[in-house]
Amino acid sequence: MLCAMFSLEEEFVPVFTPPPLPSDDKRWKIVNGTMRKNGFARHALIETLHTVQSSFGYLDDEAIRFVALSLRVPLSQAYGVVTFYHYFSLKPPGKHTMTICTGTACYIKGTDKLVAAAEQRLGIPQGQTTKDGKISLMTARCVGACGRAPVVLEDGELRGQMVEGEMLEQLERWAVE
Amino acid sequence: MTIEELDQIADSVRAENAKYDHEINVCMGTGCLSQHSDRLKDALAKECEAQGKNAFVRRTGCMGLCAAGPLALVDPEEILYQHLKADNAGAVIASLGGEPVKELQCDLREHFDQQVHVVLENSGHIDPEKIDDYIARDGYRALLLALNDMTPNGVIRQITESGLRGRGGGGYPTGLKWSTVAKAAGDVKYIICNGDEGDPGAFMDRSVLESDPQRVIEGMAIAAYAVGASKGYVYVRAEYPLAVSRLTACLREARRRGLLGNNIGNTPFSFDVEIRLGAGAFVCGEETALIASIEGRRGMPKPRPPYPAVSGLWGKPTLINNVETFANIAPIIRKGGKWFASMGSERSKGTKVFALTGKIANTGLVEVPMGIKLREIIEVIGGGVPDGHKFKAVQTGGPSGGCIPEALLDTGVSYDGLMSVGSIMGSGGMIVMDDTSCMVNVARFFIEFCMTESCGKCIPCRAGTAQMHTLLTRICAGQGTMEDVELLQDLCSTVKEASLCGLGQTAPNPVLSTLKYFRDEYIEHIVHKRCPAGVCKIEKPQEVLA
């Protein structure tokens, strides 16, 4: 809406002041850095959201609002982008994350059984975190290590030729930590 | 930077390497790293010192044979070791200059002999983050050659003459695309490298970006010179952290050497590249969706025309090519279009990298000349289906491709050849299935993928894939009817004809090809309520007591 107003009155160029940082948490400075590097351009939205997610682990309302205001992107558009891309998460991750690859090569090698076993052990469906906040169970669409299928990511660390027992042992170790 | 300066760098790298009696190249691609090849490299270096051997241990990119990782190659003897652990370092180092350690040696001659490496020529031989290593293997020679001795049109002529076609899967002639962008009006033009390898089961682009990123940057710079662009973007999946970090390091190196930035090679040509991260949307592999994503919006495709070549990123003429396409450019300029055209089949020139995975002995990355028979790739290079199982089908082209049965394995690998048997070349995923895979279930898997990944803009794709998924789930559960199969077939043609972009237009391919070649499996599920491969869980209907 704002941008429509600006283009109607070309001579009126308001000075834009970005909103203040939501708190004195240092991570906001990193987020702001990404936006500054891109000259607070609207097209830096996805780049900035990546920075938020890598700094905070997920995107909450406050973060989306702050980024949208800073880049002068309508809230609806920012929220639309966040929910369109699978990589962005609106929920905080657990202390540990088990990501099971469900790409084709892994699927052919029985990754669906790994998912079922993990779901049963943790008592949650994929995409969720255990009640105690310890373990998140995620699936990924191919991490590109198909030569080692089936693969899982244990807190981001890739492990190939995974078997059910080995994965459950890891979940057990995390659960009793 | 001039060609003479390149020569100097190359000479100094060669002189440095010549100081050592042996070079040990350790694969540090994602596959081998997951088995701690970093620790292996450290252990080898330590042992060299401890045993006083005059050898150099180098980190390299992917060597291709992921199944046998971690891999290490000892030069100049060309001894390849497989399944190496840090504990083996002592024995390997001790054997240098003498007899190799037999029990650790990988002797798969037939796997390597049939391959022709163009795109992968440096993979496994150079340290991906050291630009001088790349320069020592003729790197950036093509760019300086183009800038100093060729006109932009001359460059495009070579590319056209080479017969190179888009390696992302579409197979559009690269030379034609370049000349369209070159002719498009406007001062500002963009180059985009499509590294959004969303196709599950394919990892060629990841491997090229991890093993030899400078080659892609050089290809982009040559393209920019040819079409008159000064800014480029590489769009990479965020799921490939190693590729992103190596590419970032390489861009910095290229700028430091003056091979990116202003007045490259003391000519008026300026060009720089930025990285944009994908965020996990398969549809962003489609060029108009990818452009929307770089612009910071939801990755939804637009109807074409206008094509990006005329109106692309921010409405400017934009050249989009795949990672592997750009990786082919430097050797074509260096050796000439005719050289490239001498490889391959009549309408598909050069070589193609495939990611060979699934139920096959030698999983990994292979590069073969176009026209080679599928059977040769699977049985000779791939080593066939392991564990005494029987080959059933090979799936090419990912969710957009089809399943090819045993009877058609003598089909040559080319854009037209694969199309004629109901599949597509795609980006290069090749997944082998044996008798433990249920083809109905596989079709359901792919449709589920397309259903989830459909951006929702056009109805045929959004609703069509969902309906197809429901039908296939029903058939898998043993509750389908023969009418369902007809309905499925009908839906396939609607989705194929009426969808807006490539995702929807090709989504029915896995279903159509399995219906064509494995119809008996559908019938088994429907009529006899059983899954021949034993994958689908079918509950037997309970006898109703009268």
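These are my notebook entries on a predicted model with a chain A and a chain B.

**Entry 1: the outline of chain B**

I started with the whole of chain B. I counted 23 helices and 13 strands in chain B. Along the principal axes, its C-alpha atoms fill a box of roughly 90 × 65 × 40 Å. Next I looked up the radius of gyration, which is 25 Å for chain B. A compact globule with 546 residues would have a value near 24 Å, so the two agree.

What percentage of the 546 residues in chain B is buried? I found 56%. I also looked at contacts in chain B between residues at least 6 apart in sequence. Of these, 74% join residues at least 24 apart.

**Entry 2: a parallel sheet in chain B**

Here I followed an open sheet of 4 strands in chain B, and its order reads β7-β6-β5-β8. The pairing is parallel. Which strands stand at the edges? They are β7 (272-277) and β8 (318-322) of chain B. Each has a single partner strand, so one side of each is left without a neighbour in the sheet. On average, neighbouring strands of this sheet are turned by 20° against each other, direction ignored.

A helix belongs in this picture too. Helix α11 of chain B, residues 213-227, packs on the sheet. I noted that α11 touches β5, β6 (231-236), β7 and β8 of chain B. The direction of α11 makes about 150° with that of β5(B).

Then I looked at one pair of strands in detail. Strand β5 of chain B covers residues 190-195, and 5 bridges join it to β8(B). To find the pairing on screen, I picked I192(B), which stands opposite I320(B) in β8(B). A reminder to myself: strands of a sheet pair through backbone hydrogen bonds, either parallel or antiparallel.

**Entry 3: strand β11 and its antiparallel partners**

For the antiparallel case I turned to strand β11 of chain B, residues 391-396. Why do I call this strand largely enclosed by the rest of the structure? I call it that because 5 of its 6 residues are buried.

β11(B) runs antiparallel to β13(B), and 5 bridges join them. It also runs antiparallel to strand β12 of chain B (residues 402-405), with 4 bridges between the two. T396(B) is a handy residue to click on. It stands opposite M430(B) in β13(B), and it also stands opposite G402(B) in β12(B).

β11(B) and β12(B) form a hairpin, and 5 residues lie between them. In the turn I found G397(B), with a positive phi of about 80°.

**Entry 4: where the two chains touch**

How many residues of chain B are in contact with chain A? I found 36 residues of chain B in contact with 32 residues of chain A. On the chain B side, the elements that give two or more residues are α2 (30-33), α13 (287-294), β9 (351-358) and β13 (429-434). The largest share comes from β9(B), with 3 residues. Sorted by class, this side of chain B has 14 nonpolar, 15 polar and 7 charged residues. I was pleased to meet β13(B) again, since I knew it as a partner of β11(B).

**Entry 5: the domains of chain A**

Chain A is divided into domain 1 (20-84) and domain 2 (96-175). The C-alpha centres of these two domains lie 30 Å apart.

**Entry 6: backbone details in the loops**

I finished with some backbone angles. In chain A, the peptide bond from A149(A) to P150(A) is cis, with omega near -5°. P150(A) sits in the loop between β3 (135-140) and β4 (152-154) of chain A. In chain B, a cis peptide bond joins D75(B) and P76(B), with omega about 5°. I located P76(B) in the loop between β3 (72-75) and β4 (79-81) of chain B.

Which phi value does Q161(A) have? It is near 45°, a positive value in a residue other than glycine. Q161(A) lies in the loop between β5 (157-159) and α8 (164-175) of chain A. It has 14 other C-beta atoms within 10 Å, so it is partly exposed.

D138(B) is not a glycine either, but its phi is positive at about 70°. I found D138(B) in the loop between α6 (131-136) and α7 (141-149) of chain B. D138(B) counts as partly exposed because it has 16 C-beta neighbours inside 10 Å.

How values were computed. Residues are numbered from 1 along each chain as its sequence is written. Chains are lettered from A and ligands numbered from 1 in the order in which they are written. This is a predicted model: local features need pLDDT of at least 70, side-chain atom pairs count only at pLDDT 80 or more; totals for chains, interfaces and linings use all residues. Two strands pair if DSSP finds at least two bridges between them. Axes are lines fitted to C-alpha atoms, for helices over the stretch in contact, and angles run from 0 to 180 degrees between N-to-C directions. Two residues are in contact if their C-beta atoms, placed from the backbone, lie within 7 Å. Ala, Val, Leu, Ile, Met, Phe, Trp, Tyr, Cys and Pro count as nonpolar, Asp, Glu, Lys and Arg as charged, and the others, Gly among them, as polar. Domain bounds come from an automatic or database domain assignment. The radius of gyration is taken over C-alpha atoms; the globule rule is 2.2 Å times the number of residues to the power 0.38. A residue is buried if 20 or more other C-beta atoms lie within 10 Å of its own, exposed if 12 or fewer, and partly exposed in between; C-beta atoms are placed from the backbone.
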